[in-house]
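Work through the exercises below with the sequence and the structure open. Each task is followed by a solution in steps.

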Amino acid sequence: MEKWTNNFLKKKIDKIIEESLKNNVFSACSVGFLVQTKNGPLSDIYNYGLVGENEINLSTDNDTFFDLASLTKPLVTSLCFLALMEEGKINTEDKLHEFFELRVAGHQKIQLLHLLTHSSGFPAHRPYYQKLVDLPEEERDKWLINSILAENLIYEPGTEYLYSDLGFILLGKIIEIVSKQTLDKYWQQKIQLPLKLDNGLFFASKKNMTDKSCATTGTCGWTQKKLCGVVHDDNCRAMGGVAGHAGLFGTCRAVLSLCENILLQFQGDRQPPPYSSENLRKVLRDKHGPWVFGFDTPTSGLSSSGKYFSDNTIGHLGFTGTSFWLDLQRGIAVVFLTNRVVCGDNLTAIKRLRPLLHDVIMEDLMKKAE
């Protein structure tokens, strides 16, 4: 992959990000992008800020790891689900009751597709960690699943859309049931290692992070320890750091590489990991409301991706301040990783920044796109 050489674009990005650092939108960020051209892919990554607070003064670079938060949903859980579909072990039409004992009215109607497309009727979020942290670790999984399955549905499955961590926690557990492996192990075997991403993407709880440069995301509410190389999501942290909805850490370079692989597979130019380009295209063309197989899509006029991505675009946001967007039509990917949660809970600044940044990048990349 050749390096993008456009100093004018970099100066525009520099100005936008330096203003954001000055206004404490985040302390660290990486911006990466690639575009497929007639002469092959062009890409670049720009890094800004410091990875920690006060006593930690390392500059952000290509080896800085960010807590990817909900990017875990499409990049781990959805891709693992697709790998199991390829093996013939699972299907989107399978029902929730085939994997769990259900007692609440309406749950019997839930298909796995409803979980993937946030249309199951489950609530968005529950602070399960408040109870989990008081339980022995060996009892947490059972209590958590039982608690989710005891939730009343907010609407009938398939009739509305509500973004739900609960649905993806269940999907992570279903993948473990079907694969007979932990989620991180199955993902490692089927996605991470075949794509040679083991140095850039992983669940931090399974790695020695002491020698890694990680963008800190704050302080743990119950241990008061710094969240640096430790997952920010409270429920995931209480679950041990591996879950279907959060837990993945990665560098901008590695996320961009995985995005490139999805683009190339969608175009039929690359086959590994173990699902075919045909099946990848099939699931990524099956849109339900704003969702495509666990991937988000731009909302016209309101998207964080700005105004230039085509209708054939998939992506996702992460609560910590992360995102990626893939324009499958134009062959463009933009990855934007930050630790915005370290600067507080106000989302106004990052919501204003995201579309502005993506528009500046897209205005240049579209000129080179095939």
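A salt bridge here is a side-chain nitrogen of Lys or Arg within 4 Å of a carboxyl oxygen of Asp or Glu. The model is a predicted one, in which local features need pLDDT of at least 70 and side-chain atom pairs count only at pLDDT 80 or more, while totals for chains, interfaces and linings use all residues. Residues are numbered from 1 along each chain as its sequence is written, and side-chain values use heavy atoms, with hydrogens and water left out.

**Exercise 1. Salt bridges**

Task: State how many salt bridges the whole structure holds, and find the partners of R103, K89 and D327.

Solution.
Step 1. The search over the whole structure returns 14 salt bridges.
Step 2. R103 pairs with E101, and their closest N and O atoms are 3.3 Å apart. To place the pair, use relative accessible area (buried under 20%, exposed over 50%, partly exposed in between; 1.4 Å probe, protein chains only). R103 is exposed at 67%, and E101 is exposed at 59%.
Step 3. K89 pairs with E87, with 3.0 Å between the closest N and O atoms. K89 is partly exposed at 46%, and E87 is partly exposed at 32%.
Step 4. D327 bridges to R330, again through N and O atoms whose closest approach is 3.0 Å. D327 is buried at 0%, whereas R330 is partly exposed at 24%.
Step 5. Shared partners link E87, K89 and K190 into one network of salt bridges.

**Exercise 2. The surroundings of β4**

Task: Determine which strands pair with β4 and whether its faces are covered or open.

Solution.
Step 1. Elements are DSSP runs numbered from the N terminus: helices are H or I of at least four residues, strands are E of at least two. β4 spans residues 64-67.
Step 2. Two strands pair if DSSP finds at least two bridges between them. β4 runs parallel to β6 (residues 213-214), joined by two bridges, and F65 faces C214 in β6.
Step 3. With β7 (residues 248-250), β4 pairs in the antiparallel sense, also over two bridges. Here D67 stands opposite F249.
Step 4. Both faces of β4 are covered: T64 and F66 are buried on one side, F65 and D67 on the other.

**Exercise 3. Two pockets**

Task: Describe the volume and lining of the largest pocket and of the second largest pocket.

Solution.
Step 1. On a 1 Å grid over the protein atoms alone, a pocket is an open set of points where a 1.4 Å probe fits, with protein on both sides within 12 Å along at least five of seven lines; lining residues have an atom within 4 Å of a point. Points are joined across faces, edges and corners, and the volume is the space filled by probe spheres set on them.
Step 2. The largest pocket holds about 1000 Å³. Its lining has 44 residues, with Y163, L317, G318, F319 and R354 nearest the centre.
Step 3. α8 (234-238), β10 (313-318) and α11 (348-368) each give at least two lining residues; the largest share, four residues, is from α11.
Step 4. Classes are nonpolar (Ala, Val, Leu, Ile, Met, Phe, Trp, Tyr, Cys, Pro), charged (Asp, Glu, Lys, Arg) and polar (the others, Gly among them). The lining of the largest pocket has 15 nonpolar, 17 polar and twelve charged residues.
Step 5. The second largest pocket has a volume of about 280 Å³. Of its 16 lining residues, M85, T92, K282, V283 and D286 lie nearest its centre. α2 (72-86) and α10 (277-284) are the elements that give two or more residues to this lining, which comprises seven nonpolar, five polar and four charged residues.
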